[in-house]
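Dear colleague,

I am handing over the structure below for your attention. My findings on its helices follow, and I would be grateful if you read them alongside the model.

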Amino acid sequence: MALPSLPDSAVVIAADAPDWRAAVLRAGDALVASGSTRDGYGDEMVRMIEEHGPYVVIAPGLVLAHARPDESVLQDGLAVVTLAEPVPFGHPHNDPVSVVLGLAVESVGGHLESIADLANVFNDSTVIPALATATSADEVRRLMGMTA
């Protein structure tokens with residue numbers, strides 16, 4: 001399974017976010033804008049972090065925000081939000097965060113496959129800082145080895 005597509009509407013460059021909740025909600029908004037989820041999915045991503053802690057900070061500077069597959073997911077989707085200023089999520093080793101990925105999948109199996117595919121992208125340690133300074137959706141897709 002390949003990663004979900006990444007249309008321009010799912011990419012937000014240099015977003016303002018005063019805290020981690022706002023950063024995650026920006027990714028939720030991008031998933032809604034791309035047609036992948038309904039309103040409320042971003043709130044579910046925030047709730048997961050509030051409930052389980054900053055486990056979503058998967059590498060220095062990188063968050064993989066997601067929630068369980070439910071009726072708010074219309075189709076598999078991925079959003080990339082770069083932050084104008086990094087924000088802490090409360091992770092002891094990987095804070096602060098400058099890149100927020102939002103992931104929505106329709107099935108639990110798809111969730112695991114998408115996470116594995118994303119892990120392959122970020123095996124290259126130069127990708128996260130390059131994404132953090134990307135200036136366009138095309139550059140983000142190139143860095144992630146994707147097309148629109």
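Gly-53, just after α2, takes a positive phi of about 90 degrees. Please bear in mind that this is a predicted model. A positive phi is also found at Gly-35, just after α1, where the value is about 85 degrees.

The helix α2 has 12 residues, and the distance from its first C-alpha to its last is 17 Å, close to the 16 Å expected at 1.5 Å a residue. Its buried residues are Tyr-41, Gly-42, Met-45, Val-46, Met-48 and Ile-49. Because these cover an arc of only 155 degrees around the axis, they lie on the same side of α2. They pack against α1, β3 and β5.

Turning to α1, a side-chain oxygen of Asp-19 comes to within 3.2 Å of the backbone nitrogen of Arg-21 at the start of the helix. The 14 residues of α1 (residues 20-33) should span 20 Å at 1.5 Å a residue, and the 20 Å between its end C-alpha atoms agrees with this. Buried in α1 are Trp-20, Ala-23, Val-24, Ala-27, Gly-28, Ala-30 and Leu-31. Seen down the axis of α1, these fall within an arc of 160 degrees, so they line one face of the helix. Their packing partners are β1, α2, β3, β4 and β5.

As for how the two helices meet, α1 and α2 pack at an angle of about 145 degrees, their axes being 7 Å apart. The crossing of α1 past α2 is right-handed. Among the residues that meet are Trp-20, Val-24 and Leu-31 in α1, and Tyr-41, Met-45 and Ile-49 in α2.

Yours sincerely

Technical notes: Residues numbered from 1 in each chain as written. Predicted model: local features only at pLDDT ≥ 70, side-chain atom pairs only at ≥ 80, totals over all residues. Heavy atoms only, no water. Helix = DSSP H or I, 4+ residues; strand = E, 2+ residues; numbered from the N terminus. Expected span 1.5 Å × (residues − 1). Buried < 20%, exposed > 50% of the residue type's maximum accessible area, 1.4 Å probe, protein only. Arc of directions from axis to C-beta. Contact = heavy atoms within 4.5 Å. Polar contact = N/O pair within 3.5 Å; in protein donor to acceptor, adjacent residues only side chain to side chain. Axes fitted to C-alpha atoms, helices over the stretch in contact; angles between N-to-C directions. Left-handed = near helix turned anticlockwise from the far one by under 90°.
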